[in-house]
Structures are given as structure tokens and as C-alpha cells.
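Here is a friendly walk through some helix packing, backbone details and chain-level totals. Take a look at the display first, and then we can go through it together.

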Amino acid sequence: MAKSKAFVDTTILTNRLIKSGKEKQEAKDALDKYEITELPVYAIKEFKAGPLDYVKYLYNKLQETGSVADTIIALSSIGRQRNRQQTAIRTLGELMKKASSLSMKTSLSAKYGHLAEKENISYDSVKYEAKMLLFKAWKKRNSVTTKVVQPLACYQEFPPYEKKNGELSLIPKNCETDDCCLSKTLREEKRFDLTKLKVAINKLPSELKNKAENQKRVKLLHEIGSNKGRKISNSDCRNLGDAIFALFCPQDADILTTNIKDHEPLANALGKTAVSPEQILK
Amino acid sequence: MLDIDSGTATYSKAENSDDRTGNFGGQATKSYFYKKAVSEIDSTSSAVDDKLNKSKNTVGNRLENTSTGENFLNSDAPVRTIRNIYFQSEFITPELRTAINLLETSQNYIEEAINSIQQGKRKDSDEYIMQFKELLPELFCCRTISESFGAVINAIHNAMSNMKGQPLSEGQIVALKEIITALLREPAMSFDKAVDCVSDFEDADYEVESAGLEGLLKLVEMMNEDEMELNNG
């Protein structure tokens with residue numbers, strides 16, 4: 001039985017603002033099921049540093065390469081990916097490039113020249129779209145829920161902007177402090193909760209417990225709970241991730257998330273509930 | 001800056017010494033020129049426009065003027081006479097002239113679509129919307145007017161494509177009229193304003209992003225996660 005209040009996590013915010021189709025609709029419908037929906041500023045911070053950053057990255061890569069095909073090829077060279085995946089993506093990019101160069105010009109090309117060429121149309125279209133999505137998502141972040149709650153004293157919500165070279169920037173994305181504004185509350189008021197979360201993670205099945213993010217989280221929960229002088233950096237704050245939602249969700253609210261597998265054990269350890277849109281819409 | 005000699009509406013990014021343009025993309029210069037030329041048209045001709053839309057300027061005769069804009073200056077309609085004065089202005093590029101023609105034609109189709117749906121003639125309404133959709137490719141070719149113009153037309157085009165042949169509701173057609181009117185009023189609006197227009201438009205149950213963008217974003221996400229996994233490992 002769902003509660004009347006939802007504490008909204010980053011996945012729901014992302015599906016509502018960045019995704020399309022079924023994921024977007026489910027997030028919207030799930031939010032509509034609640035009388036009160038609260039979005040913590042922590043979710044906005046995670047959203048800006050994660051999903052919104054991907055949109056910015058795509059836009060800047062398009063700007064840098066000047067074509068959709070070259071952007072795909074450039075994306076295939078990120079990191080040290082598994083070879084087959086990398087080859088497949090690279091081939092896709094090469095195919096697109098070839099197709100664009102062979103494509104017939106549209107009937108408008110006599111009048112509009114390069115502006116009517118398919119490759120330019122695709123490129124400009126996706127670039128406009130990425131920019132529009134980024135600014136639109138940022139503007140709409142506060143209207144996804146009925147309330148935005150729990151402001152972070154060390155984090156300011158600066159809007160995205162365009163630099164002189166045409167690239168988009170989301171800086172600052174981080175808290176500008178060497179000790180997070182949540183550290184006092186965590187150390188003094190939530191010490192027992194930190195231990196409960198640590199125990200809950202240690203009890204998870206090994207495939208979940210051994211996930212890199214959970215290993216980092218357990219280590220942090222232990223250090224913050226046991227060392228009064230332990231400062232919480234921006235990356236510590238990010239690594240606490242799902243634990244922050246469990247710790248700060250009001251008792252009378254559900255954590256609304258698509259990532260139920262990770263959130264549920266943490267919420268349950270503190271006597272709270274986590275639900276997914278699928279569960280709420282059944 | 002506008003490059004009037006070459007007939008294209010290119011412009012430089014805002015010339016701020018600061019790294020931030022402060023207006024989402026240096027639209028201010030362009031917007032200034034456009035407003036200078038067109039604001040007076042709006043203030044003087046809106047009443048004439050209304051009258052004209054009801055009488056002489058039917059969808060049919062608008063169409064004759066649409067695709068090239070050549071007949072536009074020769075029209076003897078009163079609104080044309082007023083507009084001609086300004087459309088000979090050094091600030092008006094061929095793209096802007098064509099775009100305004102196409103937007104006016106679009107507006108008429110959409111109004112007809114609204115009238116039809118209100119009279120229960122859903123099929124006629126759909127046909128007007130189909131005719132409007134045919135203007136979108138050429139409108140997108142006018143994107144040198146401004147980045148915001150291109151972005152708004154692109155969002156409308158995606159919204160129409162994402163309907164997958166489903167007829168538009170009355171509310172959706174009204175939202176379409178509003179966004180076209182906003183674009184007609186200010187084709188070189190700031191990007192910030194374009195974001196507001198598209199947001200309002202999207203709220204009428206439109207999907208303004210394409211599957212192509214979603215695919216590319218999934219690719220970026222996948223690559224980043226993959227990299228993170230490897231780094232963590």
C-alpha cells in the first residue's frame with residue numbers, strides 16, 4: 001500500500017526530464033499517484049552531475065566533430081571498452097558517414113544549398129535537440145514534484161550556460177567545500193542509521209554486495225560513523241548516493257525510484273519503504 | 001552580426017569578455033536587428049492582419065505566395081503594403097522573408113484545423129494539419145535566422161513525427177497555434193525564450209525529442225558506465 005507522500009530519487013527525475021516514451025510516462029503517472037511529491041536537492045545535484053552531464057557531453061562532442069557520424073566514432077573510443085562493442089559502434093558510425101555522403105539532396109537543395117542536405121539537417125537537428133533538452137530539463141527540474149526539499153548549504157544550483165567557444169558547461173557541479181554540509185547531521189544524528197545501513201549492505205547477496213558502489217559505500221559509512229573527525233568530501237557525498245535517500249527520506253514517505261534493487265534493502269533497514277513506478281501503477 | 005551582403009543570417013556569438021554569454025547562445029544581436037525591423041510591423045498591422053485573415057488571405061491565396069516568397073512583395077493586400085515597407089529593410093534576409101510567409105501560411109492552416117475540429121470535422125482538421133506538416137522541412141531550411149528558430153521548428157517536427165499518424169487533439173492544435181504565433185512574433189527569440197515556448201508546447205502532450213537523440217544519449221551513457229566500471233574494477 002503506497003503512502004501519500006513520495007520522496008523522489010534521481011532516476012525518476014531523469015526519466016521524467018530526459019527520457020521519452022514508456023519510461024517518461026511511467027515516471028509521470030507514478031508521481032501523479034501521490035498527493036505530495038518531494039524532490040531533495042541532493043537528487044538535483046546527482047542529476048546535474050550525471051544524466052544532464054551526458055546531454056552536455058553529447059552536445060559538445062557534436063560541436064567538436066561537426067557531424068553525427070564522427071560523434072558516434074568518437075564515442076566509440078571512450079575508455080577501454082570491450083573490443084566487440086567498440087568495433088560495432090565504430091562500424092555504425094562509418095556506415096552513417098558513407099550513407100550521408102551518398103545520400104541524394106532534397107528537392108529544396110537548389111534553393112537552400114547545404115542547409116537542405118540530409119547530413120546537415122541531421123546534424124543541426126540533433127544538436128538543437130540536445131541543447132534544447134539540456135536547458136529545458138534544467139528549467140523544469142523544480143516543477144516535476146510538488147515541492148523541492150532539503151536544500152544543501154554547500155551546493156548552489158547554478159544554471160547551465162554556453163561558453164564563448166560554443167560549448168555548453170554545467171560547472172559548478174560539485175559542492176564547494178572540503179567538508180559536506182551533511183557531515184554534522186550524519187555524525188551526530190544519524191550514527192546508528194549509518195551502522196544499520198552498513199549491516200544491510202553486508203547482508204546483501206554477493207553480486208550486489210560486491211558491486212563497486214556498495215563497497216565504497218560500506219567503507220564510507222564505517223569511516224563516517226566511527227571517526228568523528230572524518231571530513232566528507234564532494235566525492236564522498238556522491239559515493240554515499242542511495243544511502244542519502246534512505247537516511248533523509250521522511251518516515252511518512254515512500255522513496256520513489258526505478259532502482260528498487262539497490263534502494264529497497266537500504267530503506268528497509270531504516271524502517272522505510274522504497275517503491276518503483278511499476279509497483280505503484282499495478 | 002547579420003551578414004546582409006551574403007544574404008545569410010549568420011552572426012557571431014555574443015562578444016562578452018566573460019566566458020558566459022548570459023543568454024544561452026549569443027542571440028541578442030540578432031534579436032535586436034529583427035526586433036528593430038519587425039516590432040513596428042506587429043504594432044501597426046495586427047489589426048489589419050485580423051481583418052485580412054477573415055477575408056482576403058484565405059489559405060488558398062496564401063499558398064500561392066508560400067514557397068518562394070517571390071509573390072510576396074507584389075501582393076496588393078493591405079497588410080502586405082504595410083509589411084513591404086519593412087520587408088525592404090536592409091535587416092530582412094531572404095530566409096526571414098520566406099520563413100514569415102511560411103509561418104503565416106502555417107498559422108492559417110492551424111486556424112482552419114481548429115475551426116474544423118470545433119465543428120466536428122475531424123478529417124478536415126487532420127488534412128489541414130497534414131498540409132501544415134509539409135511546410136516544416138522548408139521552415140527548417142530557414143534556420144540561419146536564429147538557433148532558437150531552428151530549435152523550435154525541430155521540436156515541432158519531432159512532435160509531429162512522434163504522433164505516428166494519430167490525429168491531434170484540439171488542445172494540441174491550440175498549442176501548435178501558440179508556438180507558431182510566438183515564432184512569427186519573434187523568429188530570433190532568445191534561446192531561453194525558445195526553451196519556454198517548447199516547454200509549454202510539450203505540456204500539451206507532445207514528445208519533442210526524437211528517437212535518434214535518445215539513441216545517442218544511451219550510447220553516451222553506456223560508454224560512460226562502461227568506463228566507470230573498468231576504472232572501478
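Is the crossing of α10(A) and α15(A) right-handed or left-handed? It is right-handed. Before going further, please keep in mind that this is a predicted model.

**Two partners for one helix**

Let us stay with α10(A) and α15(A), the latter being residues 260-269 of chain A. Their axes come within 9 Å and cross at roughly 135°. Angles over 145 degrees would count as roughly antiparallel, so this value makes α10(A) oblique to α15(A). On the α10(A) side, the contact is made by A:K196, A:L197, A:A200 and A:I201, and α15(A) brings A:P265, A:L266 and A:A269. Sorted by class, these residues are six nonpolar, no polar and one charged.

The other partner is helix α12 of chain A, residues 212-226, which packs against α10(A), residues 191-202, at an angle of about 150°. Here the axes are 9 Å apart. This pair is therefore roughly antiparallel, and α10(A) passes α12(A) in a left-handed crossing. From α10(A), the residues that take part are A:R191, A:L194, A:L197, A:K198, A:I201 and A:N202. They meet A:N214, A:R217, A:V218, A:L221, A:H222, A:I224 and A:G225 of α12(A). By class, this contact has six nonpolar, four polar and three charged residues.

A:L197 and A:I201 appear in the contact with α12(A), and A:L197 and A:I201 are also listed in the contact with α15(A). As background, an α-helix has 3.6 residues a turn, so residues three or four places apart point the same way.

**A covered helix at the start of chain A**

Helix α1 of chain A spans residues 10-17 and is mostly covered, with six of its eight residues buried. The buried ones are A:T10, A:I12, A:L13, A:T14, A:N15 and A:L17.

**Backbone details**

Which two residues does a cis peptide bond join in chain A? They are A:I171 and A:P172, with omega at about 5°. A:P172 sits in the loop between β5 (168-169) and α9 (183-188) of chain A.

Positive phi values also turn up in residues other than glycine, with A:Q150 as one case and B:D205 as another. The table puts them side by side.

| Residue | Phi | Loop | Relative accessibility |
|---|---|---|---|
| A:Q150 | near 50° | between β3 (147-149) and β4 (161-162) of chain A | 30% |
| B:D205 | near 70° | between α9 (191-202) and α10 (211-232) of chain B | 60% |

Buried or exposed, where does B:D205 fall? B:D205 is exposed, with a relative accessible area of 60%, while A:Q150 counts as partly exposed at 30%.

**Chain B as a whole**

How many helices and strands does chain B have? The count is ten helices and zero strands, and reading along the sequence gives the pattern α-α-α-α-α-α-α-α-α-α. Of the 233 residues in chain B, 52% are buried. Among its contacts between residues at least 6 apart in sequence, 71% join residues at least 24 apart. Chain B exposes about 10500 Å², and carbon and sulfur atoms supply 49% of that area.

Conventions. Residues are numbered from 1 along each chain as its sequence is written. Chains are lettered from A and ligands numbered from 1 in the order in which they are written. This is a predicted model: local features need pLDDT of at least 70, side-chain atom pairs count only at pLDDT 80 or more; totals for chains, interfaces and linings use all residues. Side-chain values use heavy atoms; hydrogens and water are left out. Axes are lines fitted to C-alpha atoms, for helices over the stretch in contact, and angles run from 0 to 180 degrees between N-to-C directions. Helices (H or I, at least four residues) and strands (E, at least two) are DSSP runs, numbered from the N terminus. Angles under 35 degrees count as roughly parallel, over 145 as roughly antiparallel, 65 to 115 as roughly perpendicular and the rest as oblique. A crossing is left-handed if the near helix is turned anticlockwise from the far one by less than a right angle, and right-handed if clockwise. Contact means heavy atoms within 4.5 Å. Ala, Val, Leu, Ile, Met, Phe, Trp, Tyr, Cys and Pro count as nonpolar, Asp, Glu, Lys and Arg as charged, and the others, Gly among them, as polar. Buried means under 20% relative accessible area, exposed over 50%, partly exposed in between (1.4 Å probe, protein chains only). Accessible areas come from the Shrake-Rupley method with a 1.4 Å probe; for residues, only the protein chains shown count as cover.
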